[in-house]
Amino acid sequence: MGVTVRQADADDAVNGVPPRWVALPETVEEVSAVLRTCAERDLAVVPAGGGTKLHWGPPPERCDVLLDMCCMNAVLEHAAGDLVVRAQAGVTMDALAAALADKGQELALDPPFAEYTTVGGTLATATAGPRAFRYGTARDLLIGITVVLPDGTIAKSGGKVVKNVAGYDLGKLFTGSQGTLGVIAEATFRLHPLAADRRWLVAETEVSDDVLLRLAASQTEPSAVEIDCPDGKNTTVAVLVEGSAAEARAVALREVLGDGTVTAEAPEWWGLILRDEVLLEARFPPARTVEALAAAGEAGFSFRGSAAAGRAYLESRDDVPEDELAATVTRLRARLEALGGRVTVLATPYEGVDRWGQVSALPLMRRIKERFDPGRRMSPGRFVGGI
């Protein structure tokens with residue numbers, strides 16, 4: 001079929017499960033050829049982008065072929081006048097940002113590991129950064145997608161016109177699917193002009209839900225309101241303001257926060273994940289941020305994320321054994337669910353830790369999996385409920 005295929009080695013393992021071969025397609029048609037061949041031979045396939053999150057999620061039940069998308073790394077079309085870009089799935093987020101910056105535009109996503117994470121990986125894992133508060137997540141900015149289904153069928157949804165969203169929305173279905181429905185090959189996003197200026201208001205201070213909500217709702221229109229609490233005690237709040245009069249607007253926000261330094265540089269922790277051997281994602285109502293912050297700290301996790309959007313990454317501060325981690329996650333999940341939130345374990349080395357808790361949509365998700373991948377060849381066992 002003309003696709004480069006090599007024998008896998010130990011470095012290609014997916015969360016400890018070694019594949020037999022690594023395929024490196026360069027076009028959508030080559031992805032289709034690989035999946036068609038795998039379907040004929042009942043081979044399990046795991047797609048991979050930059051590899052930054054391959055250890056997230058459970059190990060696959062089986063992995064015959066690692067589909068490495070690194071060679072599909074072209075920006076196919078940048079319609080600057082329409083604020084739209086179409087890119088192959090293997091383009092890294094940093095490379096895409098550099099290409100768009102030449103025309104004074106950006107894809108307003110700031111996921112972690114941007115140097116290595118790819119367009120396809122960002123969509124498949126639905127990771128979000130601080131500015132999701134203002135601009136939305138990858139699902140919100142995606143307006144078209146090309147995917148390859150497990151039998152090799154090439155399917156498209158949406159387009160490159162912002163308002164054209166009709167029919168079956170594969171974009172929303174594949175975003176966050178963890179590679180279990182097919183392969184994301186190309187994506188089209190709507191863009192924003194690069195901000196003329198940026199300022200951060202940064203303060204090491206105790207926070208209250210009232211102040212956080214007033215910051216988020218301020219007429220100065222902040223792009224992000226982030227909290228960093230590495231030790232469960234000491235909290236730093238950082239507010240990003242973008243666009244004209246950014247300095248003056250940030251100064252105005254200081255009146256709301258009551259403290260802080262206005263700077264042109266982001267805090268060193270801004271948008272980063274520093275330890276992800278054990279990593280949780282917490283969702284909570286923004287009005288209950290302080291309670292969520294306290295719960296995470298008492299459970300032994302650092303807290304970094306958006307007070308405005310109600311989403312944070314929790315990193316384990318200590319190495320803990322499996323039984324202890326499982327019990328801690330259960331208690332933390334119960335506390336956040338009582339607030340109207342939820343906890344997902346993105347990464348853990350332990351099989352005995354419940355990663356998702358109760359998922360009410362699981363029956364529907366199983367039906368979708370059965371429809372798209374009845375042979376269970378796409379990343380089998382990597383998603384909720386063993387999907």
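# Two sheets, a lined pocket and a buried methionine

Let's start at the second largest pocket, where α2 gives the most to the lining, with six residues. This is a predicted model, and the briefing below moves from that pocket to the two open sheets and then to a few single residues worth finding on screen. One of the sheets has four strands in the order β1-β2-β4-β3, while the other has five, in the order β5-β6-β10-β8-β9.

**The second largest pocket**

- The volume of the second largest pocket is about 530 Å³.
- Its lining counts 28 residues, and those closest to the centre are L109, D110, A114, R131 and R198.
- Two or more lining residues come from each of α2 (93–101), β7 (105–106) and β12 (198–204).
- What kinds of residues make up the lining of the second largest pocket? They divide into 20 nonpolar, two polar and six charged.
- As general background, rolling a probe the size of a water molecule over the atoms shows where empty space is left.

**The four-stranded sheet**

- The sheet with the order β1-β2-β4-β3 is open, and its pairing is mixed.
- Why is one side of β1 and of β3 left without a neighbour in the sheet? β1 (4–7) and β3 (45–48) stand at the edges and each has a single partner strand, so one side of each has no neighbour there.
- From one strand to the next, the twist averages 25°.
- Helix α1 (residues 28–41) packs on this sheet and touches β2, β3 and β4 (65–68). The direction of α1 makes about 170° with that of β4.
- In general, strands of a sheet pair through backbone hydrogen bonds, either parallel or antiparallel.
- The antiparallel pair here is β1 with β2 (residues 21–24), held over four bridges. For a landmark, look for Q7, which stands opposite W21 in β2.
- β2 and β4 run parallel and are joined by three bridges, with A23 opposite L67 in β4.
- β3 and β4 also run parallel, with four bridges between them. In this pairing P47 stands opposite L67 in β4.
- Which way do the residues of β4 point? V65 and L67 point one way, L66 and D68 point the other way, and all are buried.

**The five-stranded sheet**

- The sheet with the order β5-β6-β10-β8-β9 is open, and its pairing is antiparallel.
- Its edge strands are β5 (75–79) and β9 (154–158), each of which pairs on one side only.
- Ignoring direction, neighbouring strands of this sheet are turned by 10° against each other on average.
- β5 and strand β6 (residues 84–88) run antiparallel and are joined by four bridges. V75 has A87 in β6 as its bridge partner.
- Helix α1 turns up here as well: α1 lies across β8 (142–148), β9 and β10 (183–190). Relative to β8, α1 runs at about 45°.

**M69, a residue to click on**

- M69 is found in the loop between β4 and β5.
- Is M69 buried or exposed? The relative accessible area of M69 is 4%, and buried means under 20%, so M69 is buried.
- Leaving aside residues up to four places away in sequence, M69 touches P25, V31, A48, A89, G90, V183, I184 and A185.
- R249 lies 180 residues from M69 along the chain, and the C-alpha atoms of the two are separated by 42 Å.

**Two residues with positive phi**

- For context, most residues other than glycine have a negative phi.
- D42 has a phi near 55°, a positive value in a residue other than glycine.
- Where does D42 sit? D42 is in the loop between α1 and β3. With a relative accessible area of 43%, D42 is partly exposed.
- A126 has a positive phi of about 55° although it is not a glycine.
- A126 is in the loop between α3 (119–125) and α4 (132–135). The relative accessible area of A126 is 22%, so A126 is partly exposed.

Notes: Residues numbered from 1 in each chain as written. Predicted model: local features only at pLDDT ≥ 70, side-chain atom pairs only at ≥ 80, totals over all residues. Heavy atoms only, no water. Pairing = 2+ DSSP bridges. Axes fitted to C-alpha atoms, helices over the stretch in contact; angles between N-to-C directions. Contact = heavy atoms within 4.5 Å. 1 Å grid on protein atoms, 1.4 Å probe; cavity = no way out; pocket = protein on both sides within 12 Å on 5 of 7 lines; lining within 4 Å. Points joined across faces, edges and corners; volume = space filled by probe spheres on them. Nonpolar A, V, L, I, M, F, W, Y, C, P; charged D, E, K, R; others polar. Buried < 20%, exposed > 50% of the residue type's maximum accessible area, 1.4 Å probe, protein only.
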